[in-house]
Amino acid sequence: MKLLDLCCGPEEGTLARRRQFLKLSSLFTVAGALPLLQAGRAARAAEPDAPVRIGYLPITDATPLLVAHHNKLFEAQGLQVEKPRRFRSWSQIVEAFLAGQVNLVHLLMPMTIWSRYGSRSPAKVVAWNHMEGSCLTVLPDIGKIEDLGGTTVAIPFWYSVHNIVLQRILRHAGLESISEGEPGAKQVKLVVMSPGDMLPALGSRRISGYIVAEPFNAMAELLKVGKVWRFTGDVWRNHACCVVTMHERDLQERPDWSQKVVNAIVQAQIWTRGHRAEAVDILSRDNAADYTPHTRETLGRVLLPSAELDAEYARTGAIRHPDWREKRIDFQPYPFPSYTEKLVELLKTTYVLGRNDFLQELDPAFAARDLVDDRYVKQAIQAAGGMATFGLPESFTRTETFSVT
């Protein structure tokens with residue numbers, strides 16, 4: 001299949017992306033979400049013993065959920081689990097989650113802020129799913145960040161770490177982010193795209209770059225249609241991107257079940273850290289489980305450490321803080337409160353399309369306490385040997401490091 005066959009035409013693609021964004025926006029409003037929330041509540045009342053139902057996008061962010069399923073870690077906890085459901089877009093996964101069709105998902109962390117405080121969605125973050133795992137990828141002929149002026153760059157969603165990091169990079173270069181009209185020489189137009197649509201759009205040069213989760217950055221490199229300009233983890237050290245999200249009602253009414261779910265996810269992260277090559281095989285399209293459509297070569301470029309690649313990225317400037325010793329993607333489950341607080345602070349000064357007045361009233365410290373339920377992950381971490389198991393100090397606090405330069 002040719003690269004351009006993977007995407008619809010320019011006009012159709014633009015309309016489809018706008019419909020998807022509007023649909024997701026409507027879901028994250030009280031009125032739009034109400035029918036789905038009512039259906040979800042009814043499902044919970046009818047199924048107090050519902051099995052684990054995983055919803056995911058085929059990106060490396062979903063690795064712990066898929067590894068936990070493949071390695072039967074949920075069953076080891078005494079849980080029933082269904083085959084994970086793969087979704088193409090964030091709107092699809094959110095709709096299924098709100099309707100109760102799935103009860104364990106990975107969502108963009110800023111998206112959970114929007115859902116809980118913009119629409120009062122009854123969901124909570126219970127753990128981080130991974131760290132880092134995203135890049136800004138641009139056309140091969142982009143020589144400096146200022147070359148993006150007058151062009152269009154894709155983001156996965158307005159409420160995303162990708163959007164936050166990209167806008168800081170652009171702002172540092174004297175470029176303004178816009179969402180409508182033709183961009184001027186000192187402006188960059190940002191458009192929302194599903195991860196799977198970004199690579200074809202870059203290959204056809206309808207956009208000049210995108211910032212998104214792996215393995216779509218690695219794919220652009222291997223197909224030679226793009227190059228990694230900057231790793232997001234080289235801007236925000238050890239940042240989370242996707243987080244494990246569950247229904248608040250499950251956490252309240254099924255605490256034993258919830259603990260076992262989180263135990264399995266933590267065990268999956270530990271296993272993945274020590275078995276990266278095996279994780280590549282699990283996620284590969286060659287696996288009978290058919291979790292993702294990605295090749296071993298593509299996934300290996302993301303999951304397997306490479307000193308040679310790291311040296312090349314340091315030479316090109318994609319890595320500017322080699323002393324941070326960031327991995328292209330890594331796994332650690334504890335949701336540090338300082339990260340949530342910093343995220344809320346950054347969102348307040350980030351351009352996001354749509355209704356966002358709630359952000360200005362949102363207290364970062366309150367959000368860190370209210371959005372995140374860390375009871376289960378703390379217990380799971382302690383049972384697994386503590387934070388040292390993940391190479392971290394025995395502390396549930398840290399200082400955030402954010403540096404564009």
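In which helix does Gln92 lie? In this predicted model, Gln92 belongs to helix α5, which spans residues 90-98, and the views below begin with the whole chain before returning to that residue.

**View 1. Overall content of the predicted protein.** The secondary structure comprises 18 helices and 13 strands, and 60% of the 405 residues count as buried. Among contacts with a separation of 6 or more, 79% join residues that stand 24 or more positions apart. The accessible surface amounts to about 16,000 Å², with 51% of that surface belonging to carbon and sulfur atoms.

**View 2. Gln92 in helix α5.** Gln92, a residue of α5, is partly exposed, because its relative accessible area of 34% falls between the limits of 20% and 50%. Between Gln92 and Tyr56, which are 36 residues apart in sequence, the C-alpha to C-alpha distance is 9.8 Å.

**View 3. The nonpolar cores.** The largest nonpolar core contains 125 residues, and Phe74, Leu104, Ile113 and Tyr210 are those with the most contacts inside it. Helix α11, residues 255-274, gives the most to this core, contributing 7 residues. A second core, separate from the largest, has 6 residues, among them Cys135, Phe231, Ala318 and Ile319. For Ile113, once neighbours within four places in sequence are set aside, the contacts are Gly118, Leu343, Val344, Leu347, Phe358, Leu359, Leu362 and Leu371.

**View 4. Thr245 and its surroundings in strand β12.** Thr245 is found in β12, residues 242-247, and counts as buried because its relative accessibility is 2%, under the 20% limit. Apart from residues up to four places away in sequence, Thr245 touches Phe97, Asn103, Leu104, Val105, Leu107, Thr112, Ala123, Lys124 and Val125; Leu104 is also one of the residues with the most contacts inside the largest nonpolar core.

**View 5. The crossing of helices α12 and α13.** The axes of α12 (residues 276-283) and α13 (residues 296-303) come within 9 Å of each other and cross at roughly 145°, in a right-handed crossing. Arg276, Val280, Asp281 and Leu283 are the α12 residues that meet Arg296, Leu299, Gly300 and Leu303 of α13. By character, the residues of this contact divide into 4 nonpolar, 1 polar and 3 charged.

**View 6. Helix α9 and the segments that cover it.** Helix α9, residues 216-223, is largely enclosed by the rest of the structure, because 6 of its 8 residues are buried. The buried residues of α9 are Phe216, Asn217, Ala218, Met219, Ala220 and Glu221, and what covers them includes β6 (134-138), α8 (195-203), β10 (209-213), β11 (227-231), α13 and α14 (307-316). In the loop between β10 and α9 lies Pro215, and the peptide bond from Glu214 to Pro215 is cis, with omega near 15°. Just after α9, Lys224 adopts a positive phi of about 60°.

**View 7. Positive phi at Glu132 and Arg205.** Glu132, a residue of strand β5 (residues 131-132), has phi near 55°, a positive value in a residue other than glycine. Glu132 is buried, because its relative accessible area is 2%. Arg205, in the loop between α8 and β10, also has a positive phi without being glycine, with a value near 65°.

Terms used. Residues are numbered from 1 along each chain as its sequence is written. This is a predicted model: local features need pLDDT of at least 70, side-chain atom pairs count only at pLDDT 80 or more; totals for chains, interfaces and linings use all residues. Side-chain values use heavy atoms; hydrogens and water are left out. A nonpolar core is a set of buried Ala, Val, Leu, Ile, Met, Phe, Trp, Tyr and Cys residues joined through side-chain atoms within 4.5 Å. Buried means under 20% relative accessible area, exposed over 50%, partly exposed in between (1.4 Å probe, protein chains only). Helices (H or I, at least four residues) and strands (E, at least two) are DSSP runs, numbered from the N terminus. Contact means heavy atoms within 4.5 Å. Axes are lines fitted to C-alpha atoms, for helices over the stretch in contact, and angles run from 0 to 180 degrees between N-to-C directions. A crossing is left-handed if the near helix is turned anticlockwise from the far one by less than a right angle, and right-handed if clockwise. Ala, Val, Leu, Ile, Met, Phe, Trp, Tyr, Cys and Pro count as nonpolar, Asp, Glu, Lys and Arg as charged, and the others, Gly among them, as polar. Accessible areas come from the Shrake-Rupley method with a 1.4 Å probe; for residues, only the protein chains shown count as cover.
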